[in-house]
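Let's take a walk through this protein together, one region at a time. Have the sequence and the coordinates open as you read.

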Amino acid sequence: MLCLRCSRGILKARFLVDEAFIGLAGRSVAHLVTRHANLLVTRTLSKAHSLAGFRVGYAVLPQAIADDLNDHNDAYPLARASEAAAIATLQHEHKIAARAAQLRTWTQELAQELRALGVRTFPTETYFFLADFAPHDAGELARRLADREILVKPLNDLRLGPGFMRITTALREDNALFVAALHELL
C-alpha cells in the first residue's frame with residue numbers, strides 16, 4: 001500500500017502494483033484501474049525489458065491521481081537514449097516475449113543440471129533462481145568461480161545459511177561453462 005498526499009494535503013491510501021515481471025510470470029491487472037479509484041499499476045521496463053540503468057517505465061492510473069502526480073512531479077527528465085530504448089522495446093514486445101520464453105527454458109535446464117550435482121534449487125518463473133549449495137559456502141564458491149570469470153551472487157543471509165546463492169541464467173554456452181566449473185569445484 002502506498003500513501004499519497006493529494007493537493008489538499010490529505011493522505012489517501014493507494015494500492016500500487018508493479019508489473020515489472022508481468023511478461024515473465026503473470027497477467028496484467030491494469031484493466032482493474034477503471035474499477036478502483038485508488039489503484040496504480042506500474043511497469044518498470046528496466047526490469048521487464050532488461051533496460052537496467054535506464055530507469056524507464058509507465059503507469060496506468062486514474063486520471064485524478066495522474067493529474068495530482070503531474071502537478072507535484074519532481075522527477076528528473078528522461079534522457080533521449082532512455083526514451084528511445086523504451087519505445088523500441090514497446091514496439092518489439094513479441095521479441096522480448098520470445099526471449100523471455102527462451103530464458104525460462106534455459107533456466108529450467110540449468111536448475112535441472114544443478115540438481116543433478118546435488119544442489120537444491122527453488123522454483124521460479126523468471127530468468128534467475130535461488131540455489132542452496134550447502135554444505136558448501138556460497139561466498140567461497142562465488143570467489144572461486146570469479147577466478148574463472150564466472151560471476152554469481154551469494155546471498156550472505158544468516159537466516160538462510162551460507163550455502164544460498166542467486167543464479168542468473170545466461171546464454172546456453174555460458175550456463176554450460178558454469179556447470180562444468182561446478183563439476184570441478186563441488
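Which residue of β8 is the bridge partner of F129? The partner is I167. Please keep in mind that this is a predicted model, and that everything below is read from it.

## The four-stranded sheet

The F129 pairing belongs to a wider arrangement. Strand β6, residues 128-132, is joined to β8 by five bridges, with the two strands running antiparallel. On to β7: this strand pairs with β8 through two bridges, again in the antiparallel sense. Here K153 sits opposite R166 of β8, and P154 faces M165 of β8.

Taken together, four strands make an open sheet with antiparallel pairing, in the order β5-β6-β8-β7. The edges are held by β5 (120-121) and β7, each of which has a single partner strand, so one side of each has no neighbour in the sheet.

## Helix α5 and its buried threonine

Helix α5 lies across β5, β6 and β8, and runs at about 5° to β6. A good residue to look at here is T107, which is found in this helix, residues 93-116. Is T107 buried or exposed? T107 is buried, and its relative accessible area is 0%.

The side chain of T107 has a polar atom 2.7 Å from the backbone oxygen of L103. Beyond its neighbours within four places in sequence, T107 is in contact with T124, T126, Y127, F129 and T169. F129 is thus a contact of T107 as well as the bridge partner of I167.

## Helix α6, from cap to buried face

On the way from β6 to α6, the chain passes through a loop that holds P135. The peptide bond from A134 to P135 is cis, with omega near 15°. At the N-terminal end of α6, D137 acts as a cap: one of its side-chain oxygens lies 3.0 Å from the backbone nitrogen of G139.

Which residues of α6 are buried? In this helix, residues 138-146, they are A138, G139, L141, A142 and L145. Viewed down the axis of α6, the buried residues fall within an arc of 160°, so they line one face of the helix. Their cover includes β7 (153-154), β8 (164-168) and α7 (172-185).

## The largest nonpolar core

The largest nonpolar core has 19 residues, and those touching the most other members are L114, F133, L145, I167 and F178. Two or more residues each come from α5, β6, α6, β8 and α7. The largest share, five residues, is given by α7.

Two of these names are already familiar. I167 pairs with F129, and L145 is on the list of buried residues in α6. Setting aside residues up to four places away in sequence, L145 touches I150, V152, F178, A181, L182 and L185.

## Two loops with positive phi

E149 lies in the loop between α6 and β7. Its phi is near 65°, a positive value in a residue that is not glycine. With a relative accessibility of 74%, E149 counts as exposed.

N156 is found in the loop between β7 and β8. This residue, also not a glycine, has a positive phi of about 50°. N156 is exposed as well, with a relative accessible area of 66%.

## Earlier in the chain: β2, β3, β4 and α3

Five of the six residues of strand β3 (residues 39-44) are buried, so β3 is largely enclosed by the rest of the structure. This strand pairs with β4, residues 57-60, in the antiparallel sense over four bridges. One pair to look for is T44 and its bridge partner in β4, G57.

D18, in strand β2 (residues 11-18), is partly exposed, at a relative accessible area of 38%. The C-alpha atoms of D18 and R43 are separated by 5.6 Å, although the two residues are 25 apart along the chain.

Finally, look at helix α3, residues 63-71, where I65, A66 and D68 are buried. These residues cover an arc of only 165° around the axis, which puts them on the same side of α3. The face turned away from that buried side carries the exposed residues Q63, A64, N70 and D71.

Terms used
Residues numbered from 1 in each chain as written. Predicted model: local features only at pLDDT ≥ 70, side-chain atom pairs only at ≥ 80, totals over all residues. Heavy atoms only, no water. Buried < 20%, exposed > 50% of the residue type's maximum accessible area, 1.4 Å probe, protein only. Arc of directions from axis to C-beta. Contact = heavy atoms within 4.5 Å. Polar contact = N/O pair within 3.5 Å; in protein donor to acceptor, adjacent residues only side chain to side chain. Pairing = 2+ DSSP bridges. Core = buried A, V, L, I, M, F, W, Y, C linked by side-chain atoms within 4.5 Å. Axes fitted to C-alpha atoms, helices over the stretch in contact; angles between N-to-C directions.
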